[in-house]
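User: I'm new to reading structures, and I'd like a close look at a single part of this one. Could you pick a part and walk me through it?

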Amino acid sequence: MMMNMKHLARLVALTLALSTGAQAAGQFDDKFRQLDELLPTPSATRSASGAPGHAYWQQRADYTLRATLDENKRAITGAGSITYHNNSPDTLAYLWVQLDQNMFRGDSDNRTISTIPTRDAWQKGGAEGVKFDAIRFAFESRSFEGGIQVANVKDAAGRPLHYVVNKTMMRIDLPQPMKPGARFSFALEWKFNIPEASVLGRRMGYERFDKEDKNDLFEVAQWFPRMAAYYDVKGWQNKQYLGDGEFTLEFGDYDVALTVPADHIVASTGELQNPGEVLTAAQRERLAKARTAKAPVVIVTQAEAEAAEKGRAANMKTWRFKAKNVRDFAFASSRKFIWDAQGLRSGDNAVMAMSYYPKEGNPLWQKYSTQAVVHTIEQYSKYSFDYPYPTAISVNGPIGGMEYPMISFNGGRPTKDKKTGEKTYSKSTKYGLISVIIHEVGHNYYPMIVNSDERQWTWMDEGLNSFLQFLAEEAWEENYPARRGEPRDITDYMRSKNQTPVMTNSESVLQRGPNAYGKPATALNILRETVLGRELFDFAFKEYGRRWKFKRPTPADLFRTMEDASGTDLDWFWRGWFYTTDAVDVSVDGISEYTISSQNPELEQAWRRKLRDAEPMSLTDQRNKGLVRRVDAHPELKDFYNEHDDFTVTNADRNKYRETQDKLEDWEKALLSSGKHLYLVDFTNVGGLVTPLVLEIQLASGKKYIERIPAEVWRYSPSKITKLIVTDEPMTGLTQDPYWETADINVDNNAWPRKLTPSRLELFKTERGGNDMMKDFNAPLKKPEAAPKAVQ
Ligand SMILES: [Zn+2]
C-alpha cells in the first residue's frame, strides 16, 4: 500500500537537502576520524597500547635535607644535598632545578604578567565589588621579600658549582657532562620568608589567629630546591611556575630533619624516625593503640593543645622523617595541633590515617577528618591500586586544599558566635570539608603516584581526581551534595562562552574549575555510565593506574590505555570532549508514523477516505453549509460520479490485487499483515559533540522502554540523522536522554511531543521615592559603640 504521500515527499526532500548541503560545504566533518594526527607517534618509551614501552625510563632524585623554622621571623633556613640519577639515554651538560618560591618575589612573572579580566569584572566583581583582600594583595605582593635565596652550591667534594637563576628555575652547570646511568650529588644552602597564606600564600603559607592568640600555624611546601623533570617527550620541563601550573617532579627517597620550636607538633610527608625524642610516652602509647583501632584515637588532645598554646618554648627539637619513592615533601608545624589517628590496611600495606587541626577546627575535624582519610583510601584503591605509603594525613590550616605526598592541607572550619561562643557550621562547610579531604588525600593517587605532568596538563590530575572524588562521595552517604561528576552539573559551563578545550596548557586554561576539574570528571563519568558501562570502564581505568603508578603518563597514554583495555575505539570521545569546546545538544526534530499497506483495495481505500475525512473542513465549506445547490434543485443533473467518490473500489482494483497477491511469497504476505508500527525520527546534533542516543519510547498501552544507540549512529552524518524505530503498538512519546546522563545543554528540545517547562514568576511592588537628603541631613548622630568583649 501506499505510503502516506505527504510524509514520503518530506523524506525525499530531506534526503536531497542533506546530500546537497554536504556537497555545498565542500568538506565532511568526520567526528570519528582517528586521533593519530594529534597524538604523538608511539615509541620504545610509550607504546601504541598506552603502556610504558620496553625502553621506558625516568630520572630519579634523592634528597637529604635539613630545615629550621624560625617562628618569630616566619622563615625557613635550609641545607642539604641532592643526588640526581641520569637514567635517560642522554648525556646531560647541566641540571635544572625548580625554585618555585620565587613566584612570591615582587618582581616575579606571576606578579608582572597579571592582568584584570575586564574593567567591569574588576569594579563589580559580581555583586560584591573590589574586596579589601584584593587591594591588600596588590600592595603586599610587591613589597613582600619572598623567594628562595640560594647559597653555596657545591659538588660532593666541596667545589663550588656554577649556577644561574632564571626566575623560578636554576641551572647548575656540571663540571663534566653526565653520561647515561651516571649519578651526581650536589649540596646547597638556602633560606626564604614564608608568605602569610590569607594575604599572599598559594598552596603553602602560615596562618595568623586572632589578636589574643600569638601562635601561628605553618603549612610549608615548595620549601627546597626541587629537581625539574627531564623526560622522553619534553626534555627538561622548562615551563616556569607562573602560579596555575602545578609541579612536575621526579621520584626519589627523602631523609629530612625538621627543627622547630620544642612545643610544636609536626605533621609531615614520610615516617617519623625518632618518636622517642619528640613525642611523650603517652603520645607514643596512643599511637600504638591507634594502629589497630576501629575509630580515630586522639594522640594530642584538645586540652593538651590548648595548654601548649599558652606557652612558648625557647628551645628547639628536631623531627626526623624518611620517605621512600615520593615526588615531593611537605610539612606542617604548630603548637596548636590536636592530632588523631587510625590505622587501616590497604591490600598488604599498613597505613596510618592521621589528622592535625587547631581547636578552631572542632567539632568538625575530630568527627570527620580521619574518617574521610580512611574512606578515601578505601574507595580510591578500588578503582586504582592499593595505597603504597605508610601514612595519609589531613591538616587543617589556612590553605583551602592542597596535596603533597602522604600529606594534604585542607580548609574548612565551623564559625564561632562572637558573643555566645557557640560553634555552628553550614551544610556547605560540612560537605565542603569532607569533599576537600577526599579530594586532596585522593591526589596521592593522581598525580602523586600516577605522576602526570601537572605544569603541562592540569586536567590529568584534577580531572581524574575529581572523577574518583565523585565516586567516593557517592559512597559516603545517599544524596551526597557532590558538586562535580553528574552530567547535569556541567551543562551551565558547556553552554558558556569563552571556553578552552580540556587539552589546553595549565597556564592558558580559562575557567579552571569547570574546565580542568568538572569537565574531564564528568566526561569520565559519562564514559563509565553511558558509553562503556561500569565493567569495561573500571577494568580499563584500573589498568591505567596499574600501568602508570610511579611513572609519568601523558594524555595519549591515558587515551590509548582506555581504548586498549576496554576494546573500544574512543577516538571520537576524546576528540569531542577533550579537543573541542562542543557541547551535547540533541534535538528531536520530528517523527513521522508509518504502518505497512495491506495492498487490499477495500482496506486501503477505506483508510485513505478516513484520512481525508479527518482533514479540517475548509472555511468556505463551513460557511456554505446549508446552501441550496443547483444539483439539489435539479436532481436530474446527478450521475455515476455523484454516487462514487475517489476512494470507490473497482473490480479492476480487485483483480489487480488478486494478481499481485498470487505472486507474493509467504514471508512477503506475512510482512503485509505484521501490524508493526514504523517511525522515522529526525535528530539534529545542535551542540556538535557526538553522543550516544538514549531513547525512552512510550507506547499507547503506557509501556515505556529504553533503546541505547552508540554514538557511531552519527558517523555518516554528524549533524542530522533520521532513525527508523519499529514498535508493536502505536508510539505516543519519545524522549532523548531521559535520565540527563549525556550532559545535554538544552533538554527543552529532547522530547516529542515537546514538554512544557514549568516556572514561577515572582512579582514585586514598584519602589517609589528615592534618596531624601533633607531627611538624612538631620538624622540624629549615633554614639560609637563600646568594643565587644573578647570571648575565650
Ligand atoms: Zn586538586
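Analyst:
**Helix α15 and its surroundings**

The buried residues of α15 are covered by elements including α11, α13 (512-532), α14 (534-548) and α16 (571-579), with contact meaning heavy atoms within 4.5 Å. This is a predicted model, where local features need pLDDT of at least 70 and side-chain atom pairs pLDDT 80 or more, while totals for chains, interfaces and linings use all residues. Residues are numbered from 1 along each chain as its sequence is written, and side-chain values use heavy atoms, without hydrogens or water.

Helix α15 runs over residues 555-566; helices are DSSP runs (H or I, at least four residues), numbered from the N terminus. Its 12 residues should span 16 Å, and its end C-alpha atoms, 17 Å apart, agree with that (the expected span is 1.5 Å times one less than the number of residues).

Because 11 of these 12 residues are buried, α15 is largely enclosed by the rest of the structure. Buried means under 20% relative accessible area with a 1.4 Å probe, protein chains only. Among the buried ones are Pro555, Asp557, Phe559, Arg560 and Glu563. Just after α15 comes glycine 567, with a positive phi near 65 degrees.

Now follow α11, one of the covering helices, to the zinc ion. His439 (NE2), His443 (NE2) and Glu462, through two OE entries, coordinate this ion at 1.9 to 2.5 Å; donors are N, O and S atoms within 2.8 Å of the metal (3.2 Å for Na, K and Ca), and with water left out, sites may look incomplete. Along the chain, the donor spacing reads H-x3-H-x18-E. Histidine 443 lies in the loop between α9 (427-442) and α10 (444-449), and glutamate 462, 19 residues apart from it, sits in α11 (residues 458-474), so the pair links distant parts of the chain. Both histidine 443 and glutamate 462 are buried.

Key. Helix = DSSP H or I, 4+ residues; strand = E, 2+ residues; numbered from the N terminus. Buried < 20%, exposed > 50% of the residue type's maximum accessible area, 1.4 Å probe, protein only.
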